[in-house]
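Here's a quick walk through the fold, the pockets and the salt bridges of this protein. Have the structure open while you read.

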Amino acid sequence: MSLAVDKKIKKKVPKRRTKKERIAMLKAMPYRRFLKTKYWAKVRVLVLSRDKYKCVICQSNIRLEVHHDTYKHHGDELNHLKDLLTLCHKCHQAHHQAMN
């Protein structure tokens with residue numbers, strides 16, 4: 001993060017990233033690290049809440065995971081929550097196997 005100097009108080013303050021810069025930063029990081037970000041935690045809670053904390057396939061509420069139906073908007077999920085689904089671990093695994 002770059003720093004800017006506030007001329008009034010001569011103090012270094014973090015420079016705010018643009019939306020484009022934030023998306024690029026999220027896309028550039030390894031996926032496992034991305035899943036540990038505060039950003040993903042916020043997105044995850046929104047999707048789980050929208051889906052009433054149940055798997056959209058079997059309605060289970062055990063071992064829930066948030067699945068990207070597409071990575072087209074990776075890094076900008078907050079504006080594309082429709083790209084994400086709540087799945088239990090079992091259905092998530094089956095979904096990926098069916099895609100292969």
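## Ground rules and overall fold

One cut-off first: a residue counts as buried under 20% relative accessible area and as exposed over 50%, with partly exposed in between. Keep in mind too that this is a predicted model.

The protein has 4 helices and 4 strands. Read from the N terminus, the elements go β-β-α-α-α-β-β-α. Of its 100 residues, 28% count as buried. The accessible surface adds up to about 7,700 Å², and carbon and sulfur atoms own 56% of that. As for contacts between residues at least 6 apart in sequence, 55% link residues at least 24 apart.

## The largest pocket

The largest pocket holds about 240 Å³ of space. Which element gives the most to its lining? That's helix α1, residues 19–28, with 5 residues. The full lining is made up of Arg17, Lys19, Arg22, Ile23, Met25, Leu26, Thr37, Tyr39, Gly75, Asp76, Leu78 and Asn79. Sorted by class, you get 5 nonpolar, 3 polar and 4 charged residues.

## The second largest pocket

Next up is the second largest pocket, with about 170 Å³ of space. Its lining consists of Tyr31, Arg32, Leu35, Trp40, Arg44, Glu65 and Val66. At least two lining residues come from each of α2 (31–34), α3 (38–50) and β3 (64–68). The class split here is 4 nonpolar and 3 charged, with no polar residues.

## Salt bridges

Side chains of opposite charge can pair when their charged atoms come close. How many salt bridges does the structure hold? There are 2.

In one of them, the side chains of Lys19 and Asp76 meet at 3.8 Å, N to O. Lys19 belongs to helix α1 while Asp76 sits in the loop between β3 and β4 (84–88), so this pair ties together parts 57 residues apart in sequence. Lys19 and Asp76 also both turn up in the lining of the largest pocket. Asp76 has a relative accessible area of 13% and is therefore buried. Lys19 comes in at 43%, so it counts as partly exposed.

The other bridge joins the side chains of Arg50 and Asp51, at 3.0 Å, N to O. Buried or exposed, what is Asp51? Its relative accessibility is 16%, so Asp51 counts as buried. Arg50, at 36%, is partly exposed.

Definitions and conventions
Residues are numbered from 1 along each chain as its sequence is written. This is a predicted model: local features need pLDDT of at least 70, side-chain atom pairs count only at pLDDT 80 or more; totals for chains, interfaces and linings use all residues. Side-chain values use heavy atoms; hydrogens and water are left out. On a 1 Å grid over the protein atoms alone, a cavity is a set of points where a 1.4 Å probe fits but cannot get out, and a pocket is an open set with protein on both sides within 12 Å along at least five of seven lines; lining residues have an atom within 4 Å of a point. Grid points are joined across faces, edges and corners, and a volume is the space filled by probe spheres set on the points. Ala, Val, Leu, Ile, Met, Phe, Trp, Tyr, Cys and Pro count as nonpolar, Asp, Glu, Lys and Arg as charged, and the others, Gly among them, as polar. Buried means under 20% relative accessible area, exposed over 50%, partly exposed in between (1.4 Å probe, protein chains only). Contact means heavy atoms within 4.5 Å. Accessible areas come from the Shrake-Rupley method with a 1.4 Å probe; for residues, only the protein chains shown count as cover. A salt bridge is a side-chain nitrogen of Lys or Arg within 4 Å of a carboxyl oxygen of Asp or Glu.
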